[in-house]
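Visitor: I have a new protein model to look at. Please walk me through it with questions and answers.

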Amino acid sequence: MTSSTIWLSFDFGIRGDYEGLYSWLAGYKAKECTDSVAVLNYRYSGSLIDYLKEDIKKNVNIDKRTRIYVIYREITSNKNKGNFLFGGWRTPAWASYDLAEVGAIDDEV
């Protein structure tokens, strides 16, 4: 088993399975960072993303509105990475304030 510190950002809308996710987070003794962001030490085997996604799916009802993003340090490259476990990118609220195109950031900033 491998252990990593991960940050989860989650957005379920108003009808999402917060109870399922909160129970899952409590089981890992996650710490609250701000609204809808938690940090925890996560033990897994194999691929972090695949293992985490399956673990969450077993404990949380996922629907088309569910968005969960994980931030972690990749062991092989030692770089910070981010991936959507469920859901995807949306146009950010601040997009109209910047004329530059907003792109996806999955590596160190």
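Guide: Start with a definition: buried means under 20% relative accessible area, exposed means over 50%, and partly exposed lies in between (1.4 Å probe, protein chains only). This is a predicted model, where local features need pLDDT of at least 70, side-chain atom pairs count only at pLDDT 80 or more, and totals for chains, interfaces and linings use all residues. Residues are numbered from 1 along each chain as its sequence is written, and side-chain values use heavy atoms, with hydrogens and water left out.

Visitor: Is Tyr 28 buried, exposed or partly exposed?
Guide: Its relative accessible area is 27%. That value lies between the cut-offs of 20% and 50%. So Tyr 28 is partly exposed.

Visitor: Is Tyr 42 buried or exposed?
Guide: The relative accessibility of Tyr 42 is 0%. The cut-off for buried is under 20%. So Tyr 42 counts as buried.

Visitor: In what order do the elements of the chain run?
Guide: Helices (H or I, at least four residues) and strands (E, at least two) are DSSP runs, numbered from the N terminus. The chain has 2 helices and 5 strands. From the N terminus on, the order is β-α-β-β-α-β-β.

Visitor: How many bridges join β1 to β3?
Guide: Two strands pair if DSSP finds at least two bridges between them. β1 and β3 run antiparallel. One bridge sets Ser 3 opposite Arg 43 in β3. The number of bridges joining β1 to β3 is 8.

Visitor: Which residue in β4 stands opposite Ser 9?
Guide: β1 and β4 pair in the antiparallel sense, over 6 bridges. Opposite Ser 9 in β4 stands Tyr 69.

Visitor: How far apart are the end C-alpha atoms of helix α2?
Guide: Helix α2 has 12 residues, 48–59. The expected span is 1.5 Å times one less than the number of residues, which gives 16 Å here. The model agrees, with the ends apart by 17 Å.

Visitor: Within what arc do the buried residues of α2 fall?
Guide: The buried residues of α2 are Leu 48, Ile 49, Leu 52, Asp 55 and Ile 56. They line one face of the helix, because seen down the axis (taking directions from the helix axis to the C-beta atoms) they fall within an arc of 135°.

Visitor: Which exposed residues does the face of α2 turned away from its buried side carry?
Guide: Exposed residues have over 50% relative accessible area. On that face of α2 they are Asp 50 and Lys 58.
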